[in-house]
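Please look over the sequence and the model shown here, then follow the paragraphs below. They go from the empty spaces in the structure to the chain and to a few single residues.

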Amino acid sequence: MKFLLDENAHHGLIPFLKKLGYEATVCPKSVSNGEVAKLAALEGRVLITHDTDFANEAPTFKHAGIILVRIFPRKFKELKNALEDFLSEKNLPADFENKLFIMSEDRCDEFPFRSEKIK
């Protein structure tokens, strides 16, 4: 599985995800949210972000999934633990497709994006 980290995501996740056997990269700086979402979708990558805008406006196109992280970057150990636990349960591309996950230290809630425009 492949991940795209938004520029606001902790960049320490790249080596961490790679160690777990995943492909991970960071999006270019100063790219708009819409372009970040399109880039992730085009490359088939699950987007990891701290930006709540992604939860407020569902993409109008098919995407590989979005993980909205609600763990402060300075709590990197807790972030790694939460992500590792989560990925032990959800580890197939189909688990993420067209879904939003809101991750906190002690839980991860799943929300399907329901949009008539998703193609």
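To sort the residues around a space by class, Ala, Val, Leu, Ile, Met, Phe, Trp, Tyr, Cys and Pro are taken as nonpolar, Asp, Glu, Lys and Arg as charged, and the others, Gly among them, as polar. The model is a predicted one. In the lining of its largest pocket, five residues are nonpolar, three are polar and three are charged. Those eleven residues surround the pocket, and N33, G34, A37, F54 and E57 are the ones nearest its centre. The space in this largest pocket comes to about 220 Å³.

Which helix gives the most to the lining of the largest pocket? The answer is α2, with four residues. Helix α2 covers residues 33-43, and α3 covers residues 53-56; each of these two supplies at least two residues of the lining.

The second largest pocket has about 170 Å³ of volume. Its lining consists of E78, N81, A82, D85, F86, E89, M103, S104, E105, D106, R107 and C108. Helix α4, residues 76-89, provides the largest share of this lining, namely six residues. Sorted by class, six residues of the lining are charged, four are nonpolar and two are polar.

A cavity differs from a pocket in that a 1.4 Å probe fits inside a cavity but cannot get out. How many cavities of 30 Å³ or more does a search of the whole structure find? The search finds one. The largest cavity holds about 30 Å³ of space. Around this cavity lie A37, A40, A41, L47, H63, G65 and I66. Here too α2 appears, giving three residues, the largest share of the cavity lining. No charged residue is found in the lining of the largest cavity, which has five nonpolar and two polar residues. A37 is thus named twice: it is among the residues nearest the centre of the largest pocket, and it also lines the largest cavity.

The chain as a whole comes next. It contains five helices and six strands. Along the sequence these follow one another in the pattern β-α-β-α-β-α-β-α-α-β-β. The radius of gyration is 13 Å, close to the 14 Å that the globule rule gives for 119 residues, so the chain is as compact as a globular protein of that length. Taken along the principal axes, the C-alpha atoms fill a box of roughly 40 × 30 × 25 Å. Of the 119 residues, 39% count as buried. Among contacts between residues at least 6 apart in sequence, 46% join residues at least 24 apart.

T49 is one of the buried residues. This residue belongs to strand β3, residues 46-49. Is T49 buried or exposed? Its relative accessible area is 0%, and buried means under 20%, so T49 counts as buried. The side chain of T49 makes a polar contact of 2.8 Å with the side chain of D6. The T49 side chain also reaches the backbone nitrogen of D51, at 2.9 Å. Leaving aside residues up to four places away in sequence, T49 touches D6, N8, F54, I66, I67, L68 and V69. Two of these neighbours have come up before: F54 is among the residues nearest the centre of the largest pocket, and I66 is in the lining of the largest cavity.

The remaining residues lie in loops. F61 is in the loop between α3 and β4, the latter being residues 66-69. With a relative accessible area of 23%, F61 is partly exposed. F61 and Y22 are 39 residues apart in sequence, and their C-alpha atoms are 24 Å apart in space.

S30 and N98 each have a backbone angle to note. In S30, a residue other than glycine, phi is positive and near 60°. S30 sits in the loop between β2, residues 23-26, and α2. N98 is not a glycine either, and its phi is positive at about 60°. N98 lies in the loop between α5, residues 93-96, and β5, residues 99-103. What is the relative accessible area of S30? For S30 the value is 69%, and over 50% means exposed, so S30 is exposed. For N98 the relative accessible area is 12%, which means that N98 is buried.

Methods:
Residues numbered from 1 in each chain as written. Predicted model: local features only at pLDDT ≥ 70, side-chain atom pairs only at ≥ 80, totals over all residues. Heavy atoms only, no water. 1 Å grid on protein atoms, 1.4 Å probe; cavity = no way out; pocket = protein on both sides within 12 Å on 5 of 7 lines; lining within 4 Å. Points joined across faces, edges and corners; volume = space filled by probe spheres on them. Buried < 20%, exposed > 50% of the residue type's maximum accessible area, 1.4 Å probe, protein only. Polar contact = N/O pair within 3.5 Å; in protein donor to acceptor, adjacent residues only side chain to side chain. Contact = heavy atoms within 4.5 Å. Rg over C-alpha atoms; globule rule 2.2 N^0.38 Å.
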